[in-house]
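Subject: Structure for you to look at

Hello,

Here is the structure I said I would pass on. Please open it and keep it in view while you read the notes below.

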Amino acid sequence: MDSMEHRDAGEVLRRIDSTLSEIERTLDQMLTLAELSASDLNVDRDTLQKTLERLGKKIDRLADGIPPQ
């Protein structure tokens with residue numbers, strides 16, 4: 001593998017790492033919303049559900065951008 005391929009592989013790994021970090025942050029947001037929904041607080045669960053669905057679609061888009069092995 002020459003140095004150009006190493007740089008390209010390194011860039012791919014950095015993008016994958018960044019994408020996985022964004023997915024992790026999104027999952028953390030979803031967990032927080034799920035905990036809020038499960039609480040005894042007076043919250044609009046329909047809005048929470050729509051937000052969870054939107055975040056799920058975001059994860060799907062991010063995952064689709066990860067290059068296959």
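A salt bridge is counted where a side-chain nitrogen of Lys or Arg lies within 4 Å of a carboxyl oxygen of Asp or Glu. The side chains of Glu11 and Arg15 meet that cut-off, with 3.9 Å from N to O. Please note that this is a predicted model.

First, the overall form. The protein chain has 2 helices and 0 strands. Its C-alpha trace spans about 60 × 15 × 15 Å along the principal axes. The radius of gyration is 17 Å, whereas a compact globule of 69 residues would have one near 11 Å. Of the 69 residues, 16% are buried. Take the contacts between residues at least 6 apart in sequence: 61% of them join residues at least 24 apart. The accessible surface is about 5600 Å², and carbon and sulfur atoms account for 53% of that area.

Next, the charges. Side chains of opposite charge can pair when their charged atoms come close. The protein chain carries 10 positive and 15 negative side chains. The centres of these two sets are 5 Å apart.

How many salt bridges does the structure hold? There are 4. I describe some of them here.

Which residues are linked with Glu11 in a network of salt bridges? They are Arg14 and Arg15. Between Glu11 and Arg14, the closest N and O atoms are 3.5 Å apart. These two residues are separated by about one helical turn, because they sit 3 residues apart in helix H1, which covers residues 3-38. Glu11 and Arg15 also both lie in helix H1, at a spacing of 4 residues, again about one turn of the helix.

Are Glu11 and Arg15 buried or exposed? Glu11 has a relative accessible area of 37%, so this residue counts as partly exposed. Arg15 has a value of 47% and is partly exposed as well.

Another salt bridge joins Arg25 and Glu22, with 2.5 Å between the closest N and O atoms. Both residues belong to helix H1 and are 3 residues apart, about one turn of the helix. Arg25 has 46% relative accessibility, so Arg25 too is partly exposed.

To find these pairs on your screen, start at Glu11 in helix H1, and then go to Glu22 and Arg25 in that helix.

Regards

Key
Residues numbered from 1 in each chain as written. Predicted model: local features only at pLDDT ≥ 70, side-chain atom pairs only at ≥ 80, totals over all residues. Heavy atoms only, no water. Buried < 20%, exposed > 50% of the residue type's maximum accessible area, 1.4 Å probe, protein only. Rg over C-alpha atoms; globule rule 2.2 N^0.38 Å. Contact = heavy atoms within 4.5 Å. Areas by Shrake-Rupley, 256 points an atom, 1.4 Å probe, with all protein chains shown as cover. Lys, Arg positive; Asp, Glu negative; His and termini not counted. Charge placed at Lys NZ, Arg CZ, Asp CG, Glu CD.
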